[in-house]
Amino acid sequence: MGAIAAELASILTPSQIATGDALSPDWRRQVSLAYVGEPTIPVVVFPDTEAELAAVVVAGHAQGWRMLPCGAGTKLGWGGLMPELDVVISTAHLNQVIAHWVEDFTVRVQAGVRLKDLQAQLRSHNQFLPIDPMYEDTATLGGIVATADTGSLRQRYGGIRDLLIGVQMVRDDGAVAKAGGRVVKNVAGYDLMKLMTGSYGTLAVLSELTFKLYPVPERTQTVQVLGSPDAIARAALQIRLAGITPVAMDWVGGPLLGEALSLVGRFEGLPEGVDEQIGRLRALATAAGAKVEPIETAIWQQGRQALAQAEVVAKVGMKPTAISSFFEQAAQVFDGDWGIRIHNAGGLGLLGISGNQNVSERLLTMRSHCQSAGGFLSLLAGPKSIKAQMDVWGYSGNGLGIMRQLKVNFDPQSLLSTGRFVGDI
């Protein structure tokens, strides 16, 4: 790694290059989760400008370095393991809000801007970016886009790919490319916004992003639907059928999240509209044999944090009608701490597990359940020992050939985040 650091010294200042013991313990831990691992810790660099970022990638391209783009490093442990890693490229210093077009409800930011900081600035104009991802206090916008980590608000506002309307990125050869802008337009060629979303840094290094925004609602109310599992399932079905419009509605349960199964929902908007929606929800829940109670919105964040801190985190998807049976099977499969948070409308969500439970075998059991319900289970975070025992992604679709061709088109030397995505891409 000494030769790599020496090469980078012609591009960056010493304070922008961290190697060995100069790397903070937190960064060392996060980086170690991203690759198979050797005694030597990769070099971590922090470019201050897009030009410096491009110069680092140019050097990596010329030298054949295995590069891993990231933001604050909070999700380096997600996805597959890179077999080799030379340089970690953090965009955390590219942290400027470039432009905020208040009247157009649009913002352009550098990829290293933290979501928490952006939201604080937007709220001064009564606007916000409607996502609630994991690690929202530290996560950067680039990392959120790269991992497609939208959160529960996707029920009302769509996924991160629906909010991203412009992107600028550094290609594998260091060239800067961009697509989209302040408005959504139909264009020929690749839809780069959608391609970059959820690509885990395998296609390019994100440098700038443009999002559409929404006004801050006048009122927010969080409620909980309580009852037997059967009553919860009946209420959940009626909520989907009746046209009730919570901004989010999740199935929540398991020992990590308070044991009992419940539906937790958020309603936002004009006070009268929120009251009307909650009234309709209460009537449906009562007819299903359940009840509705208001809860503090802080409980919403606490549940997400509990899952984020679990030793193993999996992303799951299934038909919404299969969520109840998924919970029941999880209760039979796991004998320690576990919890779920699954979106009622779309069947996407998270499964968190802690404790020594022979996790890989049990995850495969839960994956079979998801696949039988037309869904999937992908391991996001967990010890390397578990990732070595199973296919992290478990992808069974027919798009692998297309994804591999995209990788060849965007990164022909396979230098960026190799091994982290589906099919070891």
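Which element gives the most to the lining of the largest cavity? In this predicted model, that element is H5, with four residues.

**Cavities in the structure**

A search of the whole structure finds two cavities of 30 Å³ or more. Their volumes and linings are set out below.

| Cavity | Volume | Lining residues | Nonpolar | Polar | Charged |
|---|---|---|---|---|---|
| Largest | about 300 Å³ | 25 residues | 13 residues | 10 residues | two residues |
| Second largest | about 250 Å³ | 20 residues | eight residues | six residues | six residues |

**The largest cavity**

Among the 25 residues that line the largest cavity, those nearest its centre are Pro 69, Cys 70, Gly 71, Gly 143 and Ala 146. Two or more lining residues of the largest cavity come from each of strand E3 (67-70), helix H5 (141-146) and strand E10 (205-212). By class, nonpolar residues number 13 in this lining, beside 10 polar and two charged ones.

**The second largest cavity**

The centre of the second largest cavity has Asp 149, Gly 151, Lys 315, His 343 and Leu 350 as its closest lining residues, out of 20 in the lining. At least two residues of this lining are supplied by each of helix H11 (297-308), strand E17 (337-343) and strand E18 (348-354). Of the elements, E18 gives the most to the lining of the second largest cavity, with three residues. The class composition here is eight nonpolar, six polar and six charged residues.

How values were computed
Residues numbered from 1 in each chain as written. Predicted model: local features only at pLDDT ≥ 70, side-chain atom pairs only at ≥ 80, totals over all residues. Heavy atoms only, no water. 1 Å grid on protein atoms, 1.4 Å probe; cavity = no way out; pocket = protein on both sides within 12 Å on 5 of 7 lines; lining within 4 Å. Points joined across faces, edges and corners; volume = space filled by probe spheres on them. Nonpolar A, V, L, I, M, F, W, Y, C, P; charged D, E, K, R; others polar.
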